[in-house]
Amino acid sequence: MIITISGNIGSGKSTVTRRLAKRLGYPTLDVGGMRRAEAKRRGMTLAAFNAWAEKHPKEGDWAFEQKFIRTARRKKNIIVTGRVAYHFLPESFKVFLRVSALEGARRTLANQKDRPNEFKAGVTLASLMRLHQQRIRSDVRRYRKSYHLNILDLKQYDYILDTSRIPIPTVVRKVKAKFQSWKKDL
C-alpha cells in the first residue's frame, strides 16, 4: 500500500511521515528532501532552485517525479511525502495536512537548523510568511504549467486534517486510523 502525504509548508508532513512509517513499518520517500539536496548540490536555496525549475521543467520537476514514481512503485508498502505525489500515485491513500500560515511559519522558523539552504539565517516570522507565499505561488505555477494541476484543490485527497492546533502524536494516530479504515473499504 502506498500513502502519499502532501500539505502546507510547516504542516508537519515530514514529522508525521517519519512517525507513521515507524508505526506501520513502512519505508519513506521524501520528494521535498530530494529537492533540497539537489538545491544544495547546485549551491542554491530551495526558492532559487524552484525558480530555476519553473524555467527548466524537464531537469527540475519532471526528473524528480519520474524518480520517485519508480522508487515508490518498486515497494510493496511506502509513504511518499511530496507536493504532487498524490497525482502520480493515484492508487495511494492521499493525505493533505493543513496548517495556518502563521503556525506553519512558526514551525519552519523553529526548525530552520534542519534545513539550512531553505532560507537565510536571521529571517523574521513576517519575512518567512512572505517567503512561504512566494514558494506556494511558484509551486502552483510550475505544476499548472507542467501538469495542468491545481495543487490547491483539496477534492483530490482521501483525508484532510488541519494540524494547526493538534499535537503530532494525535495527528499520526488520526492519519493511521483513517488509513486503516480506507484499506478495509478497498
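Me: Which residues does phenylalanine 68 touch, not counting residues up to four places away in sequence?

Reply: This is a predicted model. In it, phenylalanine 68 touches Leu29, Val31, Val80, Ala85, Phe88 and Leu89.

Me: How do I read a cluster like that?

Reply: Start with the general idea. In soluble globular proteins, nonpolar side chains tend to be buried together. Now the case here. The largest nonpolar core has 26 residues. Phe68, Val80 and Val84 touch the most other members.

Me: Which helices and strands each supply at least two residues of this core?

Reply: The helices are H2 (31-41), H3 (46-55), H4 (58-73), H5 (85-88) and H7 (125-147). Strand E3 (78-81) does so too. H4 gives the most, with four residues. A second, separate core has 18 residues, including Ala21, Tyr26, Leu97 and Val172.

Me: Next, helix packing. What does the crossing angle tell me about H3 and H7?

Reply: Angles under 35 degrees count as roughly parallel. The axes of H3 and H7 cross at roughly 25° and come within 10 Å. The two helices are therefore roughly parallel to each other. Their crossing is left-handed.

Me: Which residues of H3 and H7 meet?

Reply: H3 brings Leu46, Ala47, Asn50, Ala51, Ala53 and Glu54. H7 brings Leu131, Arg135, Ser138, Asp139, Arg141, Arg142 and Lys145. Sort this contact by class and you get five nonpolar, two polar and six charged residues.

Me: Is H3 roughly parallel or roughly perpendicular to H4?

Reply: Here the range to use is 65 to 115 degrees, which counts as roughly perpendicular. H3 and H4 pack at about 95°, with their axes 7 Å apart. That makes H3 roughly perpendicular to H4. Phe49, Trp52 and Ala53 in H3 meet Glu59, Gly60, Asp61 and Phe64 in H4. This contact divides into four nonpolar, one polar and two charged residues.

Me: What about H2 and H4: at what angle do their axes cross?

Reply: Roughly 135°, and the axes come within 11 Å. H2 and H4 are therefore oblique to each other. The crossing is right-handed. From H2, the contact uses Val31, Met34, Arg35 and Glu38. From H4, Gly60, Asp61, Phe64, Lys67 and Phe68 take part.

Me: How many residues of each class are in the contact of H2 with H4?

Reply: Four are nonpolar, one is polar and four are charged. Phe68 takes us back to the start. Phe68 is in the contact of H2 with H4, and it belongs to the largest nonpolar core.

Technical notes: Residues numbered from 1 in each chain as written. Predicted model: local features only at pLDDT ≥ 70, side-chain atom pairs only at ≥ 80, totals over all residues. Heavy atoms only, no water. Core = buried A, V, L, I, M, F, W, Y, C linked by side-chain atoms within 4.5 Å. Buried < 20%, exposed > 50% of the residue type's maximum accessible area, 1.4 Å probe, protein only. Contact = heavy atoms within 4.5 Å. Axes fitted to C-alpha atoms, helices over the stretch in contact; angles between N-to-C directions. Parallel < 35°, antiparallel > 145°, perpendicular 65-115°, else oblique. Left-handed = near helix turned anticlockwise from the far one by under 90°. Nonpolar A, V, L, I, M, F, W, Y, C, P; charged D, E, K, R; others polar.
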